[in-house]
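The following exercises concern strand pairing and the surroundings of individual residues. Please work through each task before reading its solution.

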Amino acid sequence: VAAALAASPALAAPILAPGWSDHFVVQQGKPIVVEGTDTPGAQITAMLGDARGVTLTDGGGHFAIHFPARIASFDPLTLTIGDGQGAPAKISDILVGAVWLCSGQSNMELQVVRASDSYNQIAASADDGLRLLTVPEVTAIVPSDTYCPPSPFLQKP
């Protein structure tokens, strides 16, 4: 009975760096680096489409798997990544394309649905390849390695 009640480690896939979620976009023409954490010394295996990568986590549990650059494509990729200790994580509908980082003040926050003539603007802007990542506004006293909780903030508009 004591053995059954003893705490056991949770079997979980590696934790990926922020942003890696369904509908992610990676930059075309640049090597693709998948980073994250797991237990120190763990062997991490990943498949991105038909490309395979394997690495070991360092002493702090960090890893980086490098995949070759790809050309822009609307053919979605799937990232499957695991450490052999549990069910692997699966990220679906990854596109390769142009990644733009936009920042600014309140004008960068205005949702199109709230703008003038939004109905016509939205109707004329159909683009299944467009993806948005909204980084939550937070105040931090010290630097952080993360910018959003693991729940997916990436969404198709």
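**Exercise 1.** Determine how many bridges join E2 to E8.

Solution. E2 and E8 run parallel and are joined by three bridges; strands are DSSP runs (E, at least two residues), numbered from the N terminus, and two strands pair if DSSP finds at least two bridges between them. Within E8, Val-96 is the residue opposite Val-26. The model is a predicted one, in which local features need pLDDT of at least 70, side-chain atom pairs count only at pLDDT 80 or more, and totals for chains, interfaces and linings use all residues. Residues are numbered from 1 along each chain as its sequence is written, and side-chain values use heavy atoms, with hydrogens and water left out.

**Exercise 2.** Establish in which sense strand E7 pairs with E8, and whether E8 is enclosed or open.

Solution. First, E7 (residues 73-82) pairs with E8 in the antiparallel sense over five bridges. Leu-79 stands opposite Ile-91 of E8. Next, the hairpin of E7 and E8 has six residues between the strands, and Gly-84 there takes a positive phi near 80°. Finally, strand E8 (residues 89-97) is largely enclosed by the rest of the structure, because seven of its nine residues are buried (under 20% relative accessible area; exposed is over 50%, partly exposed in between; 1.4 Å probe, protein chains only).

**Exercise 3.** Locate His-23 and classify its accessibility.

Solution. His-23 lies in the loop between strand E1 (15-16) and strand E2 (25-27). With a relative accessible area of 24%, His-23 is partly exposed. The C-alpha atoms of His-23 and Gly-129 are separated by 9.2 Å, although the two residues are 106 residues apart along the chain.

Methods: Helices (H or I, at least four residues) and strands (E, at least two) are DSSP runs, numbered from the N terminus.
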